[in-house]
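Hi,

Here is the structure I promised to pass on. Have a look at it first, and then read my notes underneath.

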Amino acid sequence: MGQLVQGNNKVGTARGIYLGLRQQIASGVYAPGASLPSSRALAEELGVSRTTVTTAFEQLISEGYVLVRQGARPVVNDNMAGDDGEVPHKASTATPGLSAYAERTMTLPQSHLPARPGLRYDFRYGDVSPDDFPKLAWRKALTSAVLTRRERLGYGDPAGSEALRQALQGYLWRARGINCDYRQIVVVNGSQQALDLCARALVNPGDRVVVEEPCYAMARNVFTTIGAEPLPVACDGDGIDTTRLPQPGQHRVAFVTPSHQFPLGGVLSAGRRRELVDWAESGNAYILEDDYDGEYRYDVRPIAPLYLSGRGRVIYIGTVSKTLSPTLRLGYMVLPPGLVEPFTRIKQLVDRQAPTFEQDALAALIESGAYERHVRKMRRLNGERRQAFLDVMHEVFGARVEIVGTSAGLHVVVWFNGLKTSDEARLAEAALLAGIGIYPVSRLYSAAAERPAGFVFGYATMPVQNIPQGVRLLGRVLAV
């Protein structure tokens with residue numbers, strides 16, 4: 001419950017409680033029809049007698065703010081909506097002075113996709129199906145972590161628990177071919193925090209950074225908000241176009257998704273990998289490699305991380321958001337040895353550490369082999385979803401669409417031939433009215449340009465059998 005102090009009317013008095021509740025009713029904290037705390041509960045919470053609270057309630061009842069029924073908690077009168085009475089000392093609505101960081105943040109468009117609960121067919125990307133989460137295995141591992149006797153409950157190593165970093169060291173060698181010392185690994189609250197740490201540690205206001213075009217918008221925004229200047233470099237089927245890189249030495253970092261470019265799905269070719277690393281080495285820059293869905297490859301062999309040929313210029317970023325769930329907020333970085341201490345110190349200032357019990361649970365899953373069994377299961381299931389999506393898209397739309405990024409990941413981009421970027425909002429709205437969520441690709445570009453209408457289709461959130469139904473319905477909607 002909100003604070004019940006009104007000027008000199010202290011909360012411990014009947015009048016102070018009356019005025020505090022009246023203000024909360026007027027401001028909508030307690031909406032019309034909402035139940036108020038019982039007089040007994042409120043008296044215990046505020047440390048006053050029940051008689052004091054009852055006196056305040058009686059005043060509210062007499063003025064019509066509150067209604068009472070026998071045996072039930074008091075509720076706010078439905079007729080009180082928007083009535084602020086004569087409540088003194090209303091909070092000012094003036095915006096306080098914000099930092100330059102906050103001001104820059106407020107100028108950016110919202111990066112996250114809107115929540116659309118209950119949508120029949122939602123081709124949202126970035127999420128995974130709640131039905132896929134290994135509930136029993138995770139509960140067992142988390143329960144074990146909580147019940148394990150510890151010498152103390154306190155802050156741990158800001159770089160992450162030693163058990164998890166050692167487990168990740170082995171996993172990264174088996175799954176991605178990365179051979180590193182576990183002390184090079186820093187556990188973070190998802191890949192977004194990894195990007196934030198990179199921005200804090202490597203970039204100053206006014207610096208320039210290279211980002212892909214199109215790009216994961218939350219990455220570009222991280223650099224914008226600290227006052228850096230992102231330079232978008234176009235991507236094609238072979239990833240970022242290294243012929244368009246600026247002169248070495250002018251940019252501090254380059255953010256790339258080389259194994260499955262987000263969102264277009266291109267794989268950075270061997271020649272471009274070499275050219276990108278040459279560029280970073282000659283310009284004393286770092287490459288931020290976001291391997292956000294490296295576990296999901298279907299028709300081709302796994303693509304080696306850029307880190308392996310990075311000559312110490314690559315920071316590798318991984319996550320369990322696509323294999324387990326984004327809700328866990330667990331990711332990791334593999335850092336060049338010279339960056340470990342500064343990143344760890346910054347991490348400690350930002351949030352001290354990632355949650356201990358969740359780290360221990362993930363370590364147990366990896367060490368037992370349960371995590372990799374789950375990843376293999378998810379690769380098969382999402383491969384089925386992907387194939388179902390591709391088959392029905394070709395059936396329904398045929399040559400009217402071009403689909404890119406199909407060999408890996410949990411999403412594709414579909415270009416609609418004959419339609420323009422300016423049509424995307426209209427098509428998305430028509431689909432939404434029919435109960436279908438589709439998401440324009442133009443929001444991932446830094447600037448408007450003439451392109452075919454395109455949408456990012458995620459397929460990891462729906463049961464396999466629902467995907468054909470959703471695409472066929474979409475075909476009927478877009479044919480209107």
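Below is what I found in it, going from the whole chain down to single residues.

First, a reminder that this is a predicted model, and everything below is computed from it.

**The chain as a whole**

The chain has 14 helices and 16 strands. Its C-alpha trace spans about 80 × 65 × 50 Å along the principal axes. Of the 480 residues, 52% are buried. The accessible surface comes to about 22700 Å², and carbon and sulfur atoms account for 51% of that. If you look at contacts between residues at least 6 apart in sequence, 73% of them join residues at least 24 apart. As for charge, there are 53 positive and 48 negative ones, and their mean positions are 4 Å apart.

**Salt bridges**

Side chains of opposite charge can pair when their charged atoms come close. The structure holds 19 salt bridges, and I picked out a few for you.

Start with R385 and D132, whose closest N and O atoms are 2.8 Å apart. R385 sits in helix α12 (residues 370-397), while D132 is in the loop between β3 (121-122) and α5 (135-147), so this pair ties together parts that are 253 residues apart in sequence. Are the two partners buried or exposed? R385 is buried, at a relative accessible area of 3%, and D132 is buried too, at 11%.

Next, R311 and E281 form a salt bridge with their closest N and O atoms 2.7 Å apart. R311 belongs to the loop between β9 (286-290) and β10 (314-319) and E281 to helix α9 (residues 270-282), so the bridge ties together parts 30 residues apart in sequence. Here R311 is partly exposed, with a relative accessible area of 41%, and E281 is partly exposed at 42%.

Then there is D157 with R165, where the closest N and O atoms are 3.2 Å apart. D157 counts as partly exposed at 38% relative accessibility, whereas R165 counts as buried at 6%.

There is also a network of salt bridges, which links D236, D241, R244 and R272.

**A buried glutamate without a partner**

E289 is in strand β9. Which side chain of opposite charge is nearest to E289? That is R273, but R273 is 5.4 Å away, and E289 has no salt bridge although it is buried. A salt bridge needs a side-chain nitrogen of Lys or Arg within 4 Å of a carboxyl oxygen, so the pair does not count as one. Leaving aside neighbours within four places in sequence, E289 is in contact with V256, P258, S259, P305, L306, Y307, V314, I315, Y316 and I317.

**N77**

N77 is in the loop between β2 (75-76) and α4 (100-107). N77 is buried, with a relative accessible area of 13%. A polar atom of the N77 side chain lies 2.9 Å from the backbone oxygen of G64. If you skip neighbours within four places in sequence, the contacts of N77 are P32, G64, Y65, V66 and L67. So G64 turns up in that contact list as well as in the polar pairing.

**Backbone oddities**

Most residues other than glycine have a negative phi, and most peptide bonds are trans. Here are some places to check against that.

- The peptide bond from E213 to P214 is cis, with omega near 0°; P214 is in the loop between β5 (208-213) and α8 (217-225).
- F262 and P263 are joined by a cis peptide bond as well, with omega about 10°; P263 is in the loop between β8 (253-256) and α9.
- R311, which you met above as the partner of E281, is not a glycine but has a positive phi of about 55°.
- R352 is not a glycine either, and its phi is positive at about 70°; R352 is in the loop between α10 (340-351) and α11 (356-368) and is partly exposed, with a relative accessible area of 35%.

If you only open a few spots, I'd go for the R385 and D132 salt bridge, the buried E289 that has no salt bridge, and R311 with its positive phi.

Cheers

Note on methods: Residues are numbered from 1 along each chain as its sequence is written. Side-chain values use heavy atoms; hydrogens and water are left out. Helices (H or I, at least four residues) and strands (E, at least two) are DSSP runs, numbered from the N terminus. Buried means under 20% relative accessible area, exposed over 50%, partly exposed in between (1.4 Å probe, protein chains only). Contact means heavy atoms within 4.5 Å. Accessible areas come from the Shrake-Rupley method with a 1.4 Å probe; for residues, only the protein chains shown count as cover. Lys and Arg count as positive and Asp and Glu as negative; His and the chain ends are not counted. The place of a charge is taken as NZ of Lys, CZ of Arg, CG of Asp or CD of Glu. A polar contact is a pair of N or O atoms within 3.5 Å; within protein, one must be able to donate a hydrogen and the other to accept it, and residues adjacent in sequence count only if both atoms are side-chain atoms.
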